[in-house]
Amino acid sequence: VMVCGGDGTARTALETLTPLGIATAPLPGGTLNRLVATIYGHSDFRRILRQIGNGGAGWIPAGIVAGQRFFVVSGYGAPMRLNQVREAVREGHLKTAWDALRTVSRTMFHQRFEVGGTGQWANCSIVALGPVDAAFGLAPPQPREGFEIASAALAGWGAAVALAPFALLGGWRQRRGITAGPAKSIVLKSQGAAGLPALLDGEPTVLPPEVTITYEAKAGLIWR
C-alpha cells in the first residue's frame with residue numbers, strides 16, 4: 001500500500017498494515033519525511049514511483065514504548081507539548097497558538113523524569129533509531145541498530161535558545177547539561193503521577209509515568 005503523508009501518517013500505516021502482512025510504501029507528503037529518507041534515501045517523489053515496481057518487501061526496526069512504535073525518532077517531556085503550538089500555526093490559528101504557547105510555557109521546564117534508573121534527571125529526552133542528528137536529517141544516514149538517547153536538563157527558555165544553534169550546526173553533545181549515548185533499552189520514570197508527554201514520529205501521545213523503551217529489529221514491513 002502506497003501512503004502519501006508525513007512521518008506520523010507513515011507510522012500509522014505501518015502500525016496498521018504490518019500485523020496484516022501488508023507492506024507499506026511511504027511517499028513524501030509531509031514536513032520532514034524522515035521515514036521516507038530512511039527507506040529510499042533522498043529520492044524525490046517521481047523517482048520513487050519509477051523505481052517502486054522493482055522493489056520487494058523488507059523489514060525496518062522500531063522502538064516500542066507502552067505498546068506503541070516509532071520508526072525514526074521520539075521525544076519525551078513537557079516540551080513535547082509545543083507540538084500544539086506547531087499544529088495551530090500550521091492551521092492558521094495564531095491566537096490558539098499563542099494561548100497554547102503561554103499554557104505550555106508555565107510547566108515546560110518543571111516536569112522532570114529519571115533517565116535509565118541512574119539518578120540522572122532531565123526534562124527533555126530524544127530517542128532516535130541510530131544517531132539523533134541523522135534522524136533529523138542533520139547528518140548522513142547511518143545503520144540503525146539500537147538507539148541513541150540525548151537528554152537535557154534545561155533551566156529555562158534561555159538555555160533552550162542557547163542550545164538551538166548547536167543542535168542545528170553540531171557540537172550539542174558537548175554542551176553543559178546534555179548527556180547522550182547508545183542504548184538498546186531505556187527506562188524513563190516521571191516525577192509524580194502525571195503522565196509523560198511524548199511525540200512518536202511527530203504524533204503526540206501521553207504515556208504512563210514510567211515506561212521502558214525497547215528495540216525491535218523487525219518491526220515494520222515496508223516495500224523498497
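What follows is a chat about the sheets, core and surface of a predicted model.

Trainee: Okay, let's start with the sheets. What's the strand order in the open sheet that has S10 in it?

Mentor: That open sheet has six strands, in the order S10-S9-S8-S5-S12-S13, and the pairing is antiparallel.

Trainee: Which strands sit at the edges there?

Mentor: Strand S10 (178-183) and strand S13 (203-207) are the edge strands, each pairing on one side only. From one strand to the next, the twist averages 20°.

Trainee: Let's take the S10 end. How many bridges does S9 make with S10?

Mentor: Six bridges, with S9 (residues 147-152) and S10 running antiparallel. If you want a spot to look at, find Ala152, whose bridge partner in S10 is Ile178.

Trainee: And at the other end, how do S12 and S13 pair?

Mentor: They're antiparallel too, over five bridges, with S12 covering residues 196-200. Leu200 stands opposite Glu203 in S13.

Trainee: What links those two strands?

Mentor: S12 and S13 make a hairpin with two residues between them. Look at Asp201 in that turn: its phi is positive, about 50°.

Trainee: Switching over to the sheet with S14. What's the order there?

Mentor: S4-S3-S14-S11-S6-S7, an open sheet of six strands with antiparallel pairing. Its edge strands are S4 (68-70) and S7 (120-122), and each has a partner on one side only. Ignoring direction, neighbouring strands in this sheet are turned by 40° against each other on average.

Trainee: What holds S7 to S6?

Mentor: Three bridges join S7 to S6 (residues 113-115), and the two run antiparallel. In one pair, Glu114 has Trp121 in S7 as its bridge partner.

Trainee: Now the inside. How many residues are in the largest nonpolar core?

Mentor: It has 33 residues. Leu35, Tyr40, Ile60 and Phe71 have the most contacts inside it.

Trainee: Which elements feed into that core?

Mentor: Several supply at least two residues each, including helix H1 (7-17), strand S3 (57-65), strand S8 (124-129), helix H6 (132-135) and strand S14 (210-223). H2 gives the largest share, four residues.

Trainee: Last one, the outside. Which residues make the nonpolar surface patch?

Mentor: Leu32, Phe136, Leu138, Leu168 and Leu169 make that patch, which is about 550 Å².

Trainee: Where's Leu32 in the chain?

Mentor: Leu32 is in the loop between strand S2 (25-28) and helix H2 (34-40). You've met H2 already, as the element with the largest share of the core.

How values were computed: Residues numbered from 1 in each chain as written. Predicted model: local features only at pLDDT ≥ 70, side-chain atom pairs only at ≥ 80, totals over all residues. Heavy atoms only, no water. Pairing = 2+ DSSP bridges. Axes fitted to C-alpha atoms, helices over the stretch in contact; angles between N-to-C directions. Patch = residues over 30% accessible without salt bridge, like charges linked within 9 Å, V, L, I, M, F, W, Y side chains within 5 Å. Areas by Shrake-Rupley, 256 points an atom, 1.4 Å probe, with all protein chains shown as cover. Salt bridge = Lys/Arg side-chain N within 4 Å of Asp/Glu carboxyl O. Core = buried A, V, L, I, M, F, W, Y, C linked by side-chain atoms within 4.5 Å. Buried < 20%, exposed > 50% of the residue type's maximum accessible area, 1.4 Å probe, protein only.
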